[in-house]
Amino acid sequence: MSTASEPNALGAGAAWRGDGQVNLTVSCRPHGGAAITKVATEGRRQRLVATGAEDGGLRLLELRSLLGKPRAVMDPCGREEVGGSSSSSFPPQNGAGHAGRIQALAWLPGDDRLFVSGGGSLLKIWDASAPQKSVLDLDLHSHVQGAAVTNSPSPLAAVALEDGTLRLVDLRIGRAVNTMQGHTRTPLCVAWGGMLDKKLYSGGMDGTLRAWDPRMGARSLWCFDPYANEKGQAPLKTLDDESEPAERNHFGKRKREELEALMAIGSNNVQPFRLRTARSVFRSATTNCSASIGRLGTGSARMASDPVSSEMPCLAELSKDIRDESSSAEELERARHFLDPPRRQFQHEASSAHRGAVTAVVTPLRSSLDAKGPHNVLLSCGVDGKIRKWDAERGVPLGRRSAFDVESSMLERG
């Protein structure tokens, strides 16, 4: 947690009062002036916390004594990483960390020793009992965007890469064992399912949230659809000509037959098709009507100039009003769904979970959810500013809940 006065500080909240207030009791700067990009806490005893910074440095801290000296300091690495020069603007250092921004940081679930970090194109595996040097450096030949670790059925790390793929790394042998493809743009976040869920979930810049099963292949199982629970949706289209409405096919077939017949008899009066709008049709009808009224006998001029008859709306004005009403309804519909994900129109399209990139995916603990709810729940957030709650077993959204803002206040340190 960061405060406005200390943008690069790490804080630990000690009291949650339940009324939207958090009392911030401790604040420290483990990386000096470098901004903190990632924070991860081990889940066995909640005692150690690892932090990653903008310059590529890593820190291992005691959660109960954040103001004390860090347990381990891994300075940024000054060498150039594979695939290009270092993206860091900080001066080069000869350390065990990364050469660029830390993009991924995750602990092995239920363990307080093994954790991984990702920066540049390298994924590093660390042992918290001997953090002076990484256990293994693995080059994935593409920039790391996010990572998640699981220990069931075996220790695996899922890494989101800039080339649009997900890479599965076996931590026992230190090698990539599978590459999963499906995102059309760079994936940004990954998360493993709960204890009873063996699937992997990922979100990316293409706005999709995908479910994967590493045991079944390298393709995604499904995409989460925010409109799956809505009724009365229009059927999805296909690219085949046979899927077009019968009236449209009959109309086009009849037009082609008429054109072929005219060309067969050698007609020279064949004209190209011209679209006639309702305005032009109604204007011509109104003109003919006025001309016929003018050709009437006695009283025709008085009838044409009668104020009552002149105030009667013509067909062109009525059609214009109808078009205005329909266009305004369409504008209201577009405005209502301006921040909602775009709807699918074709069967081959992937459904978007958010409008814009999906920036984070989380599988919350079962104890924090309702006992009557589904066992596998997924939370996602995106650049559209929305947090969505999903049923991970079916890929459909769950009911909405009210949220509250959290305010923090920092106490003065002695």
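1. Strands, written β with a number, are DSSP runs (E, at least two residues), and helices are DSSP runs too (H or I, at least four residues), numbered from the N terminus. With that in hand, aspartate 197 can be placed in the loop between β15 (187–192) and β16 (200–204).

2. A word on the source: this is a predicted model, where local features need pLDDT of at least 70 and side-chain atom pairs count only at pLDDT 80 or more, while totals for chains, interfaces and linings use all residues. Residues are numbered from 1 along each chain as its sequence is written, and side-chain values use heavy atoms, with hydrogens and water left out.

3. Back to aspartate 197: its relative accessible area is 6%, which makes it buried (under 20%; exposed is over 50%, partly exposed in between; 1.4 Å probe, protein chains only). Its side chain meets that of tyrosine 201 in a polar contact of 2.4 Å (a pair of N or O atoms within 3.5 Å, one able to donate a hydrogen and the other to accept it; residues adjacent in sequence count only if both atoms are side-chain atoms). Leaving aside residues up to four places away in sequence, aspartate 197 touches Asn376 and Ala392 (heavy atoms within 4.5 Å).

4. Now have a look at lysine 389, in strand β21 (residues 387–391). Lysine 389 is partly exposed, at 23% relative accessibility. Its C-alpha atom and that of valine 377 are separated by 7.0 Å, with the two residues 12 apart along the chain.
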